[in-house]
Amino acid sequence: MGWLFKIAVFIVGLFALTLGFWPLWIPCFGYLAYSIWAATRRRTVYVQDQGKNRGPPRVRKHRFKRRYPAAGVFFLLSLVAFVAGGAWAPFVFLAIGSLIVASGLFDRGPSLSEVRQVPDSILLRSRWLPFSWASLVEVKFGTQQMSRALSSVGNEVMMTMNSEKLSVYLPVRVHAFSVPSAELKVAEKLGPLARMLSTKGAYTLPLESEEAAARMDWSLMSVDVALEYGKDGVTSLNSTPFDVLVLSPSGHLLESAAAYVVKVGKAGRYRLPGKGRKLESQPLLWEALETLGERHLPQNADAVTNFLSSVSATRGESLGDRLDNGGSTDEGKVVVGSLGGQQVELTRPQLRAIVRAYG
């Protein structure tokens, strides 16, 4: 049952203990103790893919959650304070314990990841944290060798399935007090990423706020990713059903990962998926990308890819020599080309961000 129910049971147990009604408080606290113990013993069955022969189901135990004994200490203090006749202390300790337990609910899910559009920008703003911003940057590949481009990216990578191919994004997260400050911080992070990826045949396209939000208009449910269990853990990526995959590296190692499936939900709520839980046994990011590349290819190069390639190749020259002005569309987009190549339509925030990134 949910944690709200458990908190209600705890409060009922406290009142029953105060009244000395042992037939009620003993079952209440017994149930809570069993729930905490059972949460540390719960097991998950998953299947590993080994080529054509799918391996037998394996069972693993969840790691012991250190937050449970920490929360238990505060629950116990709340009980002692209540018996001692404290006025506010029982509720303070109860609140602290409840917050410690609830903190685990946000490790893997998208609960606090809802974002809002920021007009005329490439920014998304957290709905709940006003100084937290993000920019969704699509990676356009000039090559199908995804692992070569991304293995040293050093940034969170989000992948979504689209027409049997992967769309790859780099969520760039920053903290700032205003829109101009947030845009500047995003540009400072995006510039090195864009230049590094361009040397490996991949290019960054910052998405305008409205388009970025539209691509994340979903409701997500977490899926277990068994990357660190057993010698074939990385292979499990090819047997994990996912619509959205998030890989967060630290250097060359994969520090955390999360997988989600899209479920039917209320439209108009934009969620940037969380990074997921940290992995105990961290595989190489390159190894994970190679495994994904065995079954999934990135989207094919298009006119925007060629435009970004030309802008990157002419970095350092004046904009007048690099860009061809094709006017604007009825929707307010800019029609622009580079070195006589095919013209593309971009929003003005996108064009500003591209020029900032590629210099």
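A salt bridge is taken here as a side-chain nitrogen of Lys or Arg within 4 Å of a carboxyl oxygen of Asp or Glu. In this predicted model, Glu138, Lys140, Glu211, Arg215 and Asp302 are joined by such contacts into a network. By this rule, the count comes to seven salt bridges.

Glutamate 114 is a good place to begin a closer look. Its side chain meets that of arginine 127 in a salt bridge, with N and O 2.8 Å apart. Arginine 127 sits in the loop between β6 (124-126) and β7 (132-141), while glutamate 114 belongs to strand β5 (residues 114-117), so this pair ties together parts that are 13 residues apart in sequence. Glutamate 114 also forms a salt bridge with arginine 269, where the closest N and O atoms are 3.1 Å apart. Here the link is between distant parts of the chain, 155 residues apart, with arginine 269 placed in the loop between β13 (253-263) and β14 (270-271). As for accessibility, glutamate 114 counts as buried because its relative value is 7%, under the 20% cut-off. Arginine 127, at 32%, counts as partly exposed, and arginine 269, at 29%, also counts as partly exposed.

A further pair is made by glutamate 156 and arginine 173, whose closest N and O atoms lie 2.8 Å apart. Glutamate 156 is found in the loop between α5 (146-150) and β8 (157-162) and arginine 173 in strand β9 (residues 165-175), so the salt bridge connects parts that are 17 residues apart in sequence. Glutamate 156 is buried, with a relative accessible area of 7%, whereas arginine 173 is partly exposed at 29%.

Attention now turns to β13 and its strand partners. Strand β11 (residues 219-223) runs antiparallel to β13 and is joined to it by five bridges; within this pairing, leucine 220 has valine 262 as its bridge partner. Strand β12 (residues 244-250) is likewise antiparallel to β13, with seven bridges between them, and leucine 245 is partnered by alanine 259 of β13. β12 and β13 form a hairpin with two residues between them, and in the turn glycine 251 has a positive phi of about 70°. Strand β15 (residues 277-278) pairs with β13 through two bridges, again in antiparallel fashion, and arginine 277 of β15 is the bridge partner of alanine 257.

Notes
Residues are numbered from 1 along each chain as its sequence is written. This is a predicted model: local features need pLDDT of at least 70, side-chain atom pairs count only at pLDDT 80 or more; totals for chains, interfaces and linings use all residues. Side-chain values use heavy atoms; hydrogens and water are left out. Helices (H or I, at least four residues) and strands (E, at least two) are DSSP runs, numbered from the N terminus. Buried means under 20% relative accessible area, exposed over 50%, partly exposed in between (1.4 Å probe, protein chains only). Two strands pair if DSSP finds at least two bridges between them.
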